[in-house]
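Trainee: Could you take me closely through one part of this model, starting with how its helices cross and then working outwards to what surrounds them?

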Amino acid sequence: MKIGYYPGCSLSGTGREYDLSLKKVLNLLDVELEEISDWSCCGATSAHATNHLLSTILPVRNLALGKKQNLTELLAPCAACYNRLIVSQYEIEKNPQVKKQAFELFGEFDSKGISIINIIELFQKIGKDKIIEKREIELKGIKAACYYGCLLVRPFEITGFDDSEQPHSMEEIISAAGAVPIDWNYKIECCGASHSIAHKEIAVDLSEKIINDASKHGADVIVVACPMCHSNLDMRQKAMKKNIKMPVLYLSEFIGLSLGIGANELGLNLHFISSDLLLEKVK
Amino acid sequence: MRIGVFICHCGENIGRTVDCPEVSRAAGKFPGVAVSIDYKYMCSDPGQNLIKNAIKEKNLDAVVVGSCSPHMHEKTFRKACSDAGLNQYLCEIANLREQCSWVHEDIPMATAKAIDLVRIAVEKVKRDAPLITIKVPVTKRALVIGGGISGIQSALDIANAGFEVVLVEKEPSIGGHMSQLSETFPTLDCSQCILTPRMVEVYQHPKIKLLTYSEVEKVEGFIGNFKVTIRKKARSIDETKCTGCGDCAQKCPIKKKAFSEFDEGLINRPAIYVPFPQAVPNIPVIDRTACTYYQTGKCQLCKKVCGREAISFDQEDILLTENVGSIIVATGYTLYTIDKKPEESPIKGYGEYGYGKYKDVIAGLQFERIASASGPTSGEILRPSDKTVPKKVVFIQCVGSRDESKGFSYCSKICCMYTAKHAMLYKHKVHDGEAYVFYMDIRSGGKMYDEFVRRAIEEDHVKYIRGRVSRIYEENGKYIVKGEDTLSGMPVTIDADLVVLATAMTAQHDSSKLAQKIGIPYDKYGFYNEVHPKLRPVEVSTAGVFLAGACQSPKDIPESVAMASAAACKSLVLFGSDFLEREPTVAKVNESVCAGCFYCRKVCAYNAIEIKEIKDRQGKLIKTVAYVNSGLCQGCGTCNAVCPSKSVELIGFNDEEIYAEINAL
């Protein structure tokens, strides 16, 4: 299977291990990634907080480049990139004026002809059977709290993915790895997102609630699919009142463990919170 | 021919843009016109007398009135003609107001058009045949579908007026949702205490034929003459033998395993059961999906214990036919459930409230059962999960209602009132408890209604928070309710012991099926549509069918009862005469030309085309032709338009008449 790849800034920066682990895992699962050459910023929070047109046009540029490479499917592992790309695609279909402007800049292209998928959708495509087939270690008894955050499952009208209020798709993927998904209350609550930069205390407070709830429900690990969530849940734990030391893993890292890839190869050593206790259980 | 033309000025309505004397002069010169007069108000008494006198004095044999739309005064002028001895269908209206003076400004042009319109009418009236109104006999008997408070009220009103009523209820007992309620707003009187006397009255009434556990299967016929097929579902009990002693239910080994519809699933019931102690009739029914005998072939304990030998396992559904003149539809409502529903349903469920997975997050009707003396807790407020007294209860209004993302944009109308009532009942029973209400707006219009809500707030200290609840989850046996107080702009978190949702009132899930059987239009939510929202609120477009209660839109008890009496009254108006007069302008088939292709049957919106067999004297079938049931035909002319052999004609609008009108232009 060949899939277009839009890493976005996080995967080459703060979420390097996400990129690392994803490539290793997909290699084992026979998925080839074709990166969009000369990709640019999706606009992230800054663009859509300041200029609506800019926030739409920036992601569309990447779609136009993808189309030039004849890509039909595009993976955006970062939840924010995924959201910006899919919302922009929706926006230009709805707003012919913006579409015209985009076409003037990037040339006409079949903007609907490229389907944007998130990492969970990619694993759904690969299939649970394939994961089970390639599984080296059954993550038996590992209790995992799947955390979706805000962007992965919203807005439903546009993404049409899973369920905004009670998502369950990630649980199905990690059970293919042999782990036990737990039922908990904070899987779609806000982590504080980019408040982490200007108002650290808000992100600490919100993330702490998430960590606490996962811990209360017996989680050994929180599995995420968003670099922003990861950085808040992982990096901000030190500032929290309760010292829980909850490991926070990307979905790709978690699946990677079950495929028998070494922890350091997956980049687990790059996290703030040590995964040693978890790795003990894996053995 | 001797035709009279009468041009009305309609005050200034026509006269301002149409030169009426000129129209009258021009019409006087048309061939066949014997007299032509104009007058300021032709519909007035002196105006009508002008027509009457002209008919008598000039011996007229047809009349054309140039006036307002026939929708307004055709009846008036036809009556004037028939009073003067002329067949009323020899009177034609030329619409000089809505289709001429009101839509034009230029006087000479409008006048020329008016002259054309009158000429058209004159040419038509020359070819008109005298017609006689169709008389249809009326069966003075009503069918009421639904045995809730609305159906009960309609049935009693009609029966007390001396006419027979067939009351059909799909559940084993009549009473509907009202029988489930604890107290009623705004007086807090016990619901069953005011309802059960009426249920008994229905049962004892000599004019009411009560068919419970029955459903309408098929409706044929038309106003005054409906033929209704009713499926009487197998109760598995011989109703003539059963005394309602209840021994069978006592012995049923299923005991409390089957879902209790009456108690909204809060407790369970046996497989053989009477829904509630005051049920009418007090005859049990066997739920075959739960019964051990029907599932495994063994048991029959109820049969052994029944002293009257009333248990009849091999009983089958019976189809009954009833002839009635009118139908009152009072099928009520059902509540929105927050569970996730299949994709095809418009109901989306509430993931944010856990899709119904929390035992102590309940719907309004469940709280009614908990608060009711006849309920599973005998009226003590205990939460379902652990049967403890909840010390903090959160009531959430508008769950589903006014929420487009859940598929419903309408207001359920009764929730503001019943939530105030719930909070009040709770506070009256749990004095140290705290009650919170999350609301969007408080809509308490009605006699003593707003006072009632104020009482909950001021006297019973119910805490009202204006805002929505975004999430409910369980934590240490408490339900964490997260919402927003939009008045202070602050987030609110309440650790509640019990959460009561005022879920939307929705149409019965199968409301469209019944609507299609009877021919009732319905809206996108499945509520039945009345003909006119203001002036004809209980009638539907199918003549002889009336609506009562919440099947039309969400309603409380007083409104449902008022509507039920109105529907009964409309039925009684119908029963006031022995015959119904119908317009003779219906379709008619020329059987000698009809090829029996039945295109007309396919396009007829009123199911008025029947198949008729033409036989020779030996009884041998020669051919089948279309036949118009003049009772059902609405005279729309669709069959006339599609008939390839031109063998359908619309009486009063036949081809010759229409061509003459066109040629007159």
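Mentor: Happy to. A term first: a crossing of two helices is called right-handed if the near helix is turned clockwise from the far one by less than a right angle, and left-handed if it is turned anticlockwise. Keep in mind too that this is a predicted model.

The part I would pick is chain B, and a good place to start is the pair H2(B), residues 45–57, and H3(B), residues 70–83. Their crossing is right-handed. The two axes come within 9 Å and cross at roughly 35°. On the H2(B) side the meeting residues are B:Gln48, B:Ile51, B:Lys52 and B:Ile55, and they face B:Phe77, B:Ala80, B:Cys81 and B:Asp83 of H3(B). Sorted by class, that contact holds 5 nonpolar, 1 polar and 2 charged residues.

Now turn to a second pair, H5(B), which covers residues 149–160, and H14(B), which covers 557–575. Here the packing angle is about 35° and the axes lie 8 Å apart. This crossing is right-handed as well. From H5(B), the residues taking part are B:Ile149, B:Ser150, B:Gln153, B:Ser154, B:Asp157 and B:Ile158. H14(B) answers with a list that includes B:Ile557, B:Val561, B:Met563, B:Ala564, B:Ala568 and B:Leu572, and also B:Ser560, B:Ser565 and B:Ser571. The class count for this contact is 9 nonpolar, 6 polar and 1 charged.

It helps to set these pairs against the domain assignment. Chain B is divided into domain 1 (3–132), domain 2 (134–233 + 317–332 + 516–579), domain 3 (235–315), domain 4 (336–506) and domain 5 (587–663). The residue ranges place H2(B) and H3(B) in domain 1. H5(B) and H14(B) belong to domain 2, although they fall in separate segments of it. As for domain 1 and domain 5 of chain B, their C-alpha centres are separated by 32 Å. Their contact draws 7 residues from domain 1 of chain B and 6 residues from domain 5 of chain B. On the domain 1 side, those residues divide into 3 nonpolar, no polar and 4 charged.

Next, look inside domain 4, where H11(B) spans residues 415–429. Its 15 residues reach 21 Å from the first C-alpha to the last, close to the 21 Å expected at 1.5 Å a residue. H11(B) is largely enclosed by the rest of the structure, because 13 of its 15 residues are buried. One neighbour to inspect is B:Val453, in helix H12 of chain B, residues 449–458. B:Val453 has 25 other C-beta atoms within 10 Å, so it counts as buried. Setting aside neighbours within four places in sequence, B:Val453 is in contact with B:Cys416, B:Ala420, B:Ile442 and B:Ser444. B:Cys416 and B:Ala420 fall within the residue range of H11(B), which ties H12(B) to that helix. For a sense of distance, B:Val453 and B:Lys256 are 197 residues apart in sequence and 38 Å apart in space, C-alpha to C-alpha.

Two backbone details in chain B deserve a look. In general, most residues other than glycine have a negative phi, and most peptide bonds are trans. B:Lys387 has a positive phi of about 55° although it is not a glycine. You will find B:Lys387 in the loop between H10 (364–371) and S21 (392–399) of chain B. With 10 other C-beta atoms within 10 Å, B:Lys387 is exposed. The second detail is the peptide bond from B:Phe185 to B:Pro186, which is cis, with omega near -5°. B:Pro186 sits in the loop between strands S8 (183–184) and S9 (189–190) of chain B.

Finally, step back to the whole chain. Chain B has 17 helices and 34 strands, and its C-alpha trace spans about 95 × 75 × 45 Å along the principal axes. Of its 665 residues, 45% count as buried. Among contacts in chain B with a separation of 6 or more, 70% come from residues 24 or more positions apart. The contact between chain A and chain B takes 5 residues from each chain. On the chain A side, there are no nonpolar, 3 polar and 2 charged residues.

Key. Residues are numbered from 1 along each chain as its sequence is written. Chains are lettered from A and ligands numbered from 1 in the order in which they are written. This is a predicted model: local features need pLDDT of at least 70, side-chain atom pairs count only at pLDDT 80 or more; totals for chains, interfaces and linings use all residues. Helices (H or I, at least four residues) and strands (E, at least two) are DSSP runs, numbered from the N terminus. The expected span of a helix is 1.5 Å times one less than its number of residues. A residue is buried if 20 or more other C-beta atoms lie within 10 Å of its own, exposed if 12 or fewer, and partly exposed in between; C-beta atoms are placed from the backbone. Two residues are in contact if their C-beta atoms, placed from the backbone, lie within 7 Å. Ala, Val, Leu, Ile, Met, Phe, Trp, Tyr, Cys and Pro count as nonpolar, Asp, Glu, Lys and Arg as charged, and the others, Gly among them, as polar. Axes are lines fitted to C-alpha atoms, for helices over the stretch in contact, and angles run from 0 to 180 degrees between N-to-C directions. Domain bounds come from an automatic or database domain assignment.
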